[in-house]
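User: I'm learning how to read a structure and I'd like to know where the labels come from. I'll ask, and please set each label against its rule.

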Amino acid sequence: MSTVAPRRTDQLLAAPSVTFLVPAHNEAATVRRVLERLLALPLRHEIIVVDDGSTDGTADILQQWRRQHPSTIVLTQPNRGKGAAIRAGLPLATGDIVVIQDSDLEYDPAHVPDLIAPLVAGEADVVYGSRLAPVDAARVWRGPNRLGNRALSLLTSALYLRWMSDMETGHKAFRREVLQAMDLRENDFGIEPELTAHVLRGGHRLVEIPIPYHARSHADGKEIHWHDGARAVRVLLINRFRRLRRP
């Protein structure tokens, strides 16, 4: 795996089509701004939003958005978790590239062209936006969560014998056929280590690029807790030895 600096090229204007897969749970404050920023990107794209049992008005915002933008696919399901939302929307993806875009603005959609550039150039099968790679971009991230994510990335590197700087990042991009071939089973935030396990064990070309990141606090609605870290360790261990489905 290599780490490269972010870059933009005119080639992106003629890039392959992109599917944005947007899981959303109680993101009424930000989901519309996320969708507006995705829509403004100079990319051929489709947007699939999965409302994971929101109770704060997110569903109403998404229905209004769909009336204004009929091409957007909006799915709804009972609250089952981020992984379940991704698995629900993934079969509908038709773009050459699939970008997982959280709906809380911790990850700025404006960075997507940099994220997909190695895929467009044919240099990677998967790209992770790393919050822990060296970069001058703004980072607002509280100490305990940062240390926990670094520890999980070090554990991943040791278990799978490939260096990872940020296994848990929520900003990931895949060649569609790579992602759709994965036998994903996790319903909650365990989807992040599960995706990484499939990428590393599958021998896919993985590139990490540094990204800006603005973390929310739990008071602002952040839903990850210490037990999600324990769950990540369990998923990493299980998938290190689980027989993976081959396409």
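Analyst: Let's start with what a helix is here: a DSSP run of type H or I with at least four residues, numbered from the N terminus. With that in hand, helix H7 covers residues 191–201, and right behind H7 comes Gly-203, whose phi is positive, near 75°. Keep in mind that this is a predicted model. The protein chain has eight helices and 10 strands.

User: What makes H7 "largely enclosed"?

Analyst: Count the buried residues, where buried means under 20% relative accessible area. In H7, 10 of the 11 residues pass that test, so the helix is largely enclosed by the rest of the structure. Among them are Ile-191, Leu-195, His-198 and Leu-200.

User: And how do you know that H4 is mostly covered?

Analyst: Same kind of count: nine of the nine residues of H4 are buried. They include Val-112, Asp-114, Ile-116 and Val-120. The buried residues of H4 pack against strand E2 (18–24), E5, strand E6 (126–130), E8 and strand E9 (206–210). After H4 comes Gly-122, with a positive phi near 75°.

User: Pick one residue of H4 for me. Why is Val-112 called buried?

Analyst: Val-112 has 0% relative accessibility, and the cut-off is under 20%, so Val-112 counts as buried. Leaving out residues up to four places away in sequence, Val-112 touches Phe-20, Leu-41, Leu-43, Val-99, Gln-101 and His-171. Its C-alpha atom is separated by 9.2 Å from that of Gly-129, 17 residues apart along the chain.

User: What makes Ala-29 buried or exposed?

Analyst: The value for Ala-29 is 65%, and exposed means over 50%, so Ala-29 is exposed. Ala-29 lies in the loop between E2 and H1. The C-alpha atoms of Ala-29 and Asp-104 are separated by 8.1 Å, though these residues are 75 apart along the chain.

User: On to rings. Why is the pair of Tyr-107 and Tyr-213 called an aromatic pair, and is it stacked, edge-to-face or tilted?

Analyst: Two numbers do the work: a pair of aromatic rings is described by the distance of the centres and the angle of the planes. Tyr-107 and Tyr-213 are 5.1 Å centre to centre, and the limit is 6.5 Å, so they pair. The angle between their planes is 45°; stacked needs under 30 degrees and edge-to-face needs over 60, so the label is tilted. A search of the whole structure finds one aromatic pair, namely Tyr-107 with Tyr-213.

User: How do you know that this pair links distant parts of the chain?

Analyst: Tyr-107 is in the loop between strand E5 (97–100) and helix H4 (112–120), while Tyr-213 is in strand E10 (residues 213–214), 106 residues apart. Both partners are under the 20% cut-off: Tyr-107 at 3% counts as buried, and Tyr-213 at 0% counts as buried.

User: What lets you say that Arg-131 lies over the face of Tyr-213?

Analyst: One part of the rule is that CZ of Arg must be within 6 Å of the ring centre, and Arg-131 is at 4.9 Å. The other part asks for a position within 35 degrees of the ring normal. Arg-131 is classed as lying over the face of Tyr-213. Arg-240 gets a similar description: its charged end sits over the ring of Tyr-160, 5.7 Å from the centre.

User: Last one. Why are H1 and H2 called roughly parallel?

Analyst: Helix H1 (residues 31–40) and helix H2 (residues 58–68) pack at an angle of about 30°, with their axes 10 Å apart. Roughly parallel means under 35 degrees, so that makes H1 roughly parallel to H2. H1 passes H2 in a right-handed crossing. Among the residues that meet, H1 brings Leu-35 and Leu-39, and H2 brings Ile-61 and Trp-65.

User: And what is odd about the phi of Leu-161?

Analyst: Leu-161 has a positive phi of about 60° although it is not a glycine. At 69% relative accessibility, over the 50% cut-off, Leu-161 counts as exposed. Leu-105 has a positive phi too, about 70°, and is not a glycine either; at 17%, under 20%, Leu-105 is buried.

Definitions and conventions. Residues are numbered from 1 along each chain as its sequence is written. This is a predicted model: local features need pLDDT of at least 70, side-chain atom pairs count only at pLDDT 80 or more; totals for chains, interfaces and linings use all residues. Side-chain values use heavy atoms; hydrogens and water are left out. Rings of Phe, Tyr and Trp (its six-membered ring) pair if their centres lie within 6.5 Å; planes under 30 degrees apart count as stacked, over 60 as edge-to-face and the rest as tilted. Helices (H or I, at least four residues) and strands (E, at least two) are DSSP runs, numbered from the N terminus. Buried means under 20% relative accessible area, exposed over 50%, partly exposed in between (1.4 Å probe, protein chains only). Axes are lines fitted to C-alpha atoms, for helices over the stretch in contact, and angles run from 0 to 180 degrees between N-to-C directions. Angles under 35 degrees count as roughly parallel, over 145 as roughly antiparallel, 65 to 115 as roughly perpendicular and the rest as oblique. A crossing is left-handed if the near helix is turned anticlockwise from the far one by less than a right angle, and right-handed if clockwise. Contact means heavy atoms within 4.5 Å.
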